[in-house]
Amino acid sequence: MDIFGAQVLVLGWLLLIGGGVLLVVSATLVYRRSKQIAEQTKRINARLQELLRESHESGKILVRKDRELTLANQTLVERTHDLEEAGKLLVRRDLELTQSNERLRDLDAIKSQFVSVAAHQLRTPLAGIKWTLYALLEERTGKLNAEQKTFAGDAYKATLRLIELVNDLLDASRLEEGRFGFKTQKQDFLPVVQSTYEKFEKSAKEKGVTFSFVAPKEPLPTLTIDKEKITIALENMVDNALKYTPPGGRVTIRLFKEKNQVICDVADTGIGMPKDQTSKIFTKFFRAENAQLSQTSGTGLGLYLAKNIIEHHGGAIFFTTKENQGSTFTFTLPIPVKT
Ligand code: ADP
């Protein structure tokens, strides 16, 4: 073999060896790469499995939630239906109540008319009896012996009470029918209280109750009032104080000015009222149990009238009371603003 042939052979071997090395290197690279890819694919696959599992779980939750929502929806529909039914029932009840209310109002008006007519019819004969008894007591028809005098005196007092009761009934029904006829006028209030005090002085003394009037320290401004009606209210309060205060007790009327109002209170050391009954005190015909026991006469109309009268004048009426210790009834009257 010549030199050229040997060189070709060596070159061939070199190429062969180089090719082999190249092949081995490439094969190694390809192997590594494919291993990496295989690992990545495995990781991706595992992640995919995980995601699949999660989405499966979420799917289950979604189905559960959907079922719950459907149920809630059904309940809502049922509740709405119930509410609609309740609404209809309420409308029906409201109508029934309005109708019974109207019926009651009609009945109340009829009752008021009846009381008004009956009281009115009673007034004239009662006035006749009163004056007859008065004439008897004055001995205009001849001298009376002591016993006759006592009987006539008792009958006279009972008649006066009866007249008061009839007047209260008449006033209450007039008030309800809007026929009370308030006639207000600007005037001094002190003489109104003063004359009420004087009217009851004698009966307080007879009963053995210390009765006093604390007049205002400074002159009072004039008030716009219906003197006759305010007198009814005040007399009811004073009459109660004396009626519900046993002998030996005290009743005090106080009159004073405070800010923009005139205040009058009637305080007594009488039977007071049980705490659980005080809320009804201004309602018509209400009489506390202890009052019924201590005083059989009384209509339970006096304070109802007084409250209406005072409030009609823009004032207020309130009280404090303690059973077996006494009560204080207070009313206020607004001082008119100067123009
Ligand atoms: P009556 O004709 O019964 O006195 P009123 O309307 O004047 O009616 O009073 C209602 C009730 O309030 C009385 O029956 C009594 O129970 C109670 N009352 C009113 N004033 C007094 C008072 N000064 N002391 C105790 N109780 C009172």
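Here is a walk through this structure, starting at the ligand and moving outward to the surface and its charged pairs. Keep in mind that the model is predicted.

Let's begin with the ligand. What surrounds it? A shell of 20 residues does, and the closest of them are Asn240, Tyr244, Arg287, Ala288 and Leu303. By type, the shell splits into ten nonpolar residues, seven polar ones and three charged ones. Some polar contacts stand out if you zoom in. The side chain of Tyr244 puts an N or O atom 2.9 Å from an oxygen atom of the ligand. Asp268 brings a polar side-chain atom to 2.9 Å from a ligand nitrogen. Gly302 joins in through its backbone, with an N or O atom 3.1 Å from a ligand oxygen. As for cover, the ligand on its own would expose 540 Å², and the protein buries 98% of that. Which elements give two or more residues to this shell? They are α4 (227-243), α6 (302-312) and β7 (326-334). The largest share, three residues, comes from α4.

Now for a couple of backbone oddities. Most residues other than glycine have a negative phi. Phe285 goes the other way, with a phi near 65 degrees. You'll find Phe285 in the loop between β5 (261-268) and α5 (289-294). Its relative accessible area is 47%, so Phe285 counts as partly exposed. Asn324 also has a positive phi, again near 65 degrees, and sits in the loop between β6 (316-322) and β7. Is Asn324 buried or exposed? With 63% relative accessible area, Asn324 is exposed.

Next, head to the N-terminal end and helix α1, which covers residues 3-137. Asp2 lies in the segment before that helix and is partly exposed, at 48% relative accessibility. To get a feel for the distances here, pick the C-alpha atoms of Asp2 and Ser116: they are 114 residues apart along the chain and separated by 162 Å. There is also a nonpolar surface patch of about 710 Å², built from Leu9, Trp13, Leu16, Ile17, Val21, Val25 and Leu29. Take Val25 as one of its members: this residue belongs to α1, and its 44% relative accessibility makes it partly exposed.

That leaves the charged pairs. Side chains of opposite charge can pair when their charged atoms come close. How many salt bridges does the structure hold? The count is 19. One of them links Arg79 and Asp82, whose closest N and O atoms are 3.9 Å apart. Why are Arg79 and Asp82 separated by about one helical turn? Because they are three residues apart in helix α1. Arg79 is partly exposed at 48% relative accessible area, and Asp82 is partly exposed too, at 43%.

A similar arrangement turns up in helix α3 (residues 190-207), where Lys202 and Glu206 are four residues apart and so about one helical turn from each other. Their salt bridge has its closest N and O atoms 3.7 Å apart. Lys202 is exposed, with 61% relative accessible area, and Glu206 is exposed as well, with 57%.

Finally, look at Lys143 and Glu139, whose side chains meet in a salt bridge at 3.3 Å, N to O. Lys143 is exposed at 72% relative accessibility, whereas Glu139 is partly exposed at 22%. This pair belongs to something wider: Glu139, Lys143 and Lys149 are linked in a network of salt bridges.

Note on methods
Residues are numbered from 1 along each chain as its sequence is written. This is a predicted model: local features need pLDDT of at least 70, side-chain atom pairs count only at pLDDT 80 or more; totals for chains, interfaces and linings use all residues. Side-chain values use heavy atoms; hydrogens and water are left out. A residue is near a molecule or strand if one of its heavy atoms lies within 4 Å of it. A polar contact is a pair of N or O atoms within 3.5 Å; within protein, one must be able to donate a hydrogen and the other to accept it, and residues adjacent in sequence count only if both atoms are side-chain atoms. Accessible areas come from the Shrake-Rupley method with a 1.4 Å probe; for residues, only the protein chains shown count as cover. Ala, Val, Leu, Ile, Met, Phe, Trp, Tyr, Cys and Pro count as nonpolar, Asp, Glu, Lys and Arg as charged, and the others, Gly among them, as polar. Patches are made of residues with over 30% relative accessible area and no salt bridge: like charges are joined within 9 Å, nonpolar side chains (Val, Leu, Ile, Met, Phe, Trp, Tyr) within 5 Å. A salt bridge is a side-chain nitrogen of Lys or Arg within 4 Å of a carboxyl oxygen of Asp or Glu. Buried means under 20% relative accessible area, exposed over 50%, partly exposed in between (1.4 Å probe, protein chains only).
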